[in-house]
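Please open the model in a viewer and follow the selections below in order. Each stop names what to select and then describes what is found there.

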Amino acid sequence: MATTPWNRNETIVAFYVYCQIPFKKSNKSHPLVTEYAQILGRSPSALNMKIGNFGRLDPELKQQGIVGLAHGAKLEEAIWQAFHDNPGELLAESERIITQMLHDKETPPPPSQKEHIPVEDTLRLVKCRVGQSFFREAVLSAYASKCCISGVSERRLLDACHIVPWTEDVSNRLNPKNGLCLNLFFHKAYDTHLLGIFPDYDIKISKRLLETADALDFRAYLAALHGRKVFLPEHFFPSRDLLASHYEAFQKAQ
């Protein structure tokens, strides 16, 4: 494993991993930590420490009294400033770096893949994974894989819901601050304006949704949600501006 100082490319990949793991659950045994540590040629402990270093820079963690490691490198600060508000660039750069690392080192498949896969296929798999899973993993990890309305934590029932739809805002397609962790029911209700979330994080249930809930106990549950606040994430707080944009559309649909 490498013992040399972390370079820029390695630090970018570490930040990419940071964005996809709930900070409190990051440890040297976490599957993503062990997988990307192998790609980086670093020990899982070293990568986990780098994740801790990024935690010290996160103002949203500080607001909750969560602190990262006390010391870090100037390079981490530079990477944070360059990519925290530019997730699309982070994704593109991470994809390029990871693909190149695998190609140069002919790294074997990550330990999560049991069967041997040729290096060329591994490259394609990693490129696909980096491109498709970042938004979902970043959003779900920020919410500790719990629906921000119901608290449901079964990942098979959870979606990373775009606040402003994918088709309407290209610049925020991959921005975790344009995401909410919602169960499948509330995701559909949010997308179809049967449910809204005010910029101050209050939940608004439409009259139509209440009227079509025939089961009295379920209707009472929905009514009790009205005016309650969503559970906020660990970091990547949902953008108030994006929530306001969606809420305006919700109001027009009523």
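## A surface patch

In this predicted model, begin by selecting Phe 185, Phe 218 and Tyr 221, which make up a nonpolar patch on the surface with about 250 Å² of accessible area together. Phe 185 belongs to helix 8 (residues 184-191). Its relative accessible area is 37%, and Phe 185 is therefore classed as partly exposed.

## A buried cysteine

Next, select strand 2 (residues 179-183), where Cys 181 is located. Is Cys 181 buried or exposed? With a relative accessible area of 0%, Cys 181 is buried. Display its surroundings: leaving aside residues up to four places away in sequence, Cys 181 touches Val 139, Leu 140, Tyr 143, Lys 146, Cys 147, Cys 148, Leu 158 and Asp 159. Add Ile 149 to the selection; 32 residues separate Ile 149 from Cys 181 along the chain, and their C-alpha atoms are 8.5 Å apart.

## Two packed helices

Now select helix 2 (residues 31-40) together with helix 3 (residues 44-55). The two pack at an angle of about 110 degrees, and their axes are 8 Å apart. Helix 2 is thus roughly perpendicular to helix 3. To view the contact, show Val 33, Thr 34, Tyr 36, Ala 37 and Leu 40 in helix 2, which meet Pro 44, Leu 47, Asn 48 and Ile 51 in helix 3.

## Salt bridges

The whole structure contains 11 salt bridges; three of them are visited here.

Select Glu 76 and Lys 50 for the salt bridge whose closest N and O atoms are 2.8 Å apart. This pair links distant parts of the chain, as Glu 76 lies in helix 5 (residues 74-83) and Lys 50 in helix 3, 26 residues apart. Both Glu 76 and Lys 50 are buried.

Move to Glu 93 and Arg 96, which form a salt bridge with the closest N and O atoms 2.8 Å apart. These residues are separated by about one helical turn, because they are 3 residues apart in helix 6 (residues 87-105). Arg 96 counts as partly exposed, at 44% relative accessibility.

Then select Arg 155 and Glu 137, a salt bridge with its closest N and O atoms 3.0 Å apart. Arg 155 lies in the loop between helix 7 (119-142) and strand 1 (158-162), whereas Glu 137 is in helix 7, so the pair ties together parts that are 18 residues apart in sequence. Arg 155 is partly exposed, at a relative accessible area of 32%.

Finally, select Lys 50, Arg 56, Glu 76 and Glu 77, which are joined into one network by salt bridges that share partners.

Key:
Residues are numbered from 1 along each chain as its sequence is written. This is a predicted model: local features need pLDDT of at least 70, side-chain atom pairs count only at pLDDT 80 or more; totals for chains, interfaces and linings use all residues. Side-chain values use heavy atoms; hydrogens and water are left out. Patches are made of residues with over 30% relative accessible area and no salt bridge: like charges are joined within 9 Å, nonpolar side chains (Val, Leu, Ile, Met, Phe, Trp, Tyr) within 5 Å. Accessible areas come from the Shrake-Rupley method with a 1.4 Å probe; for residues, only the protein chains shown count as cover. A salt bridge is a side-chain nitrogen of Lys or Arg within 4 Å of a carboxyl oxygen of Asp or Glu. Helices (H or I, at least four residues) and strands (E, at least two) are DSSP runs, numbered from the N terminus. Buried means under 20% relative accessible area, exposed over 50%, partly exposed in between (1.4 Å probe, protein chains only). Axes are lines fitted to C-alpha atoms, for helices over the stretch in contact, and angles run from 0 to 180 degrees between N-to-C directions. Angles under 35 degrees count as roughly parallel, over 145 as roughly antiparallel, 65 to 115 as roughly perpendicular and the rest as oblique. Contact means heavy atoms within 4.5 Å.
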